[in-house]
Amino acid sequence: MNLGRLVRNYKKSPGVITGTVIILVLLVILVPNNWASNNRLDAPVPISKDTEPAQTTNTVPFMPKMANETLKAELGNAAWKLFHTILARYPDTPSPDQKQHLADYIRTFALVYPCGDCARHFAGLLEKYPPQLSSRKTAALWGCHIHNQVNTRLSKPQYDCSTILEDYDCGCAQDEEDELKEKETSDHLASIKVDSTEEMVGG
Ligand SMILES: Cc1cc2nc3c(=O)[nH]c(=O)nc-3n(C[C@H](O)[C@H](O)[C@H](O)COP(=O)(O)OP(=O)(O)OC[C@H]3O[C@@H](n4cnc5c(N)ncnc54)[C@H](O)[C@@H]3O)c2cc1C
């Protein structure tokens with residue numbers, strides 16, 4: 001369309017042309033801004049139905065291989081420390097919910113462990129030796145056993161599991177004693193009857 005025709009058209013229907021120009025200007029301003037904000041790392045996207053994680057049955061670890069041996073060992077040290085400490089703090093007599101939470105945690109731990117190869121082997125070990133979560137002691141011993149399986153694979157010495165709870169002493173005994181004392185104190189306080197002022201005055 002040449003300029004003369006455009007001017008003639010504008011004279012005929014100025015509203016349509018002005019509207020089109022406004023829409024074009026808005027598109028030029030808004031589209032890149034939106035695109036940039038979606039790609040900014042510091043702009044969390046609100047969770048919508050489309051971005052919610054789907055229920056999945058995939059149970060294969062998906063992290064990449066970890067080639068750096070130093071990182072792998074540092075990660076292993078830290079991860080084992082967390083793993084054994086969780087098991088050593090697990091309740092003596094867990095509720096069904098608590099058992100389920102720990103079972104879910106261990107399964108997910110194996111899925112997302114950042115050394116993909118380690119995770120895939122570990123997932124295999126979990127199938128062979130499913131978590132035993134009936135009590136703190138059972139869970140801690142199971143954890144020690146499964147770590148020993150990894151030690152065997154890596155030609156590392158076996159760990160003596162007989163002192164596992166002391167070795168990963170979580171301070172639970174003290175925490176539980178304190179909790180009991182607190183409960184006894186609050187029960188005791190609740191059981192004390194304070195004489196009403198009337199009784200005191202009257203008596
Ligand atoms: C789930 C998982 C899977 C792994 N898979 C692999 C793998 O496939 N290939 C690989 O190269 N690395 C793997 N690693 C790392 C590997 O297990 C070691 O962490 C790493 O080689 C460093 O070993 P380390 O000798 O410092 O002691 P670690 O095995 O890291 O142990 C740390 C400390 O825990 C104590 N310990 C040792 N054995 C036990 C036990 N049985 N129970 C309780 N405490 C114990 C000892 O005090 C030891 O110093 C894995 C780690 C994890 C958490």
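The buried residues of α6 pack against three other helices, α3, α5 and α7. In this predicted model, the buried positions of α6 are Ala139, Ala140, Trp142, Gly143, Cys144, Ile146 and His147. The helix itself comprises 18 residues and spans 26 Å from its first C-alpha to its last, close to the 26 Å expected at 1.5 Å a residue.

The contact of α6 with α3 can be described in some detail. The axes of α3 and α6 come within 8 Å and cross at roughly 160°. An angle over 145 degrees counts as roughly antiparallel, and α3 and α6 are therefore roughly antiparallel to each other. On the α3 side the contact is made by Trp80, Phe83, His84, Leu87 and Ala88, and on the α6 side by Arg136, Ala139, Ala140, Gly143 and His147. Sorted by class, the residues of the contact of α3 with α6 are 6 nonpolar, 3 polar and 1 charged.

Two residues of α6 illustrate this contact. Alanine 139 lies in helix α6. Why is alanine 139 classed as buried? Alanine 139 has 25 other C-beta atoms within 10 Å, and a residue is buried if 20 or more lie within that distance. Alanine 139 and leucine 87 are separated by 52 residues in sequence, yet their C-alpha atoms are 5.8 Å apart in space. When its neighbours within four places in sequence are left aside, alanine 139 is in contact with Leu87, Tyr90, Gln132 and Leu133.

Glycine 143 is also found in helix α6. Glycine 143 has 24 other C-beta atoms within 10 Å and is therefore buried. With its neighbours within four places in sequence again set aside, the contacts of glycine 143 are Phe83, His84 and Leu87. Glycine 143 and isoleucine 86 are 57 residues apart in sequence, and the distance between their C-alpha atoms is 9.8 Å.

Just after α6, the backbone at serine 155 takes a positive phi of about 55°, although this residue is not a glycine. Serine 155 belongs to the loop between α6 and α7 (164-167). Is serine 155 buried or exposed? Serine 155 is exposed, because it has 6 other C-beta atoms within 10 Å, and a residue with 12 or fewer counts as exposed.

The helices α3 and α6 also contribute to the surroundings of the ligand. The shell around the ligand consists of 20 residues, and the closest are Gly76, Ala79, Cys118, His147 and Tyr159. The elements that give two or more residues to this shell are α3 (69-89), α5 (116-128) and α6 (136-153). Which element gives the largest share of the shell around the ligand? That element is α3, with 7 residues. By class, the shell around the ligand divides into 10 nonpolar, 7 polar and 3 charged residues. His147 has several roles in this description: it is among the closest residues to the ligand, it is buried in α6, and it takes part in the contact of α6 with α3.

Helix α5, which is among the elements that give two or more residues to the ligand shell, also meets α4. The axes of α4 (residues 96-112) and α5 come within 7 Å and cross at roughly 150°. Helices α4 and α5 are therefore roughly antiparallel to each other. In this contact, Ile106, Ala110 and Leu111 in α4 meet Ala119, Phe122, Ala123 and Leu126 in α5. The residues of the contact of α4 with α5 divide into 7 nonpolar, no polar and no charged.

These helices belong to a protein chain with 9 helices and 0 strands. From the N terminus on, its elements run α-α-α-α-α-α-α-α-α. Of the 203 residues of the protein chain, 10% count as buried, among them alanine 139 and glycine 143. Of the contacts in the protein chain between residues at least 6 apart in sequence, 61% join residues at least 24 apart.

Note on methods. Residues numbered from 1 in each chain as written. Predicted model: local features only at pLDDT ≥ 70, side-chain atom pairs only at ≥ 80, totals over all residues. Near = placed C-beta within 6 Å. Helix = DSSP H or I, 4+ residues; strand = E, 2+ residues; numbered from the N terminus. Nonpolar A, V, L, I, M, F, W, Y, C, P; charged D, E, K, R; others polar. Expected span 1.5 Å × (residues − 1). Contact = placed C-beta atoms within 7 Å. Axes fitted to C-alpha atoms, helices over the stretch in contact; angles between N-to-C directions. Parallel < 35°, antiparallel > 145°, perpendicular 65-115°, else oblique.
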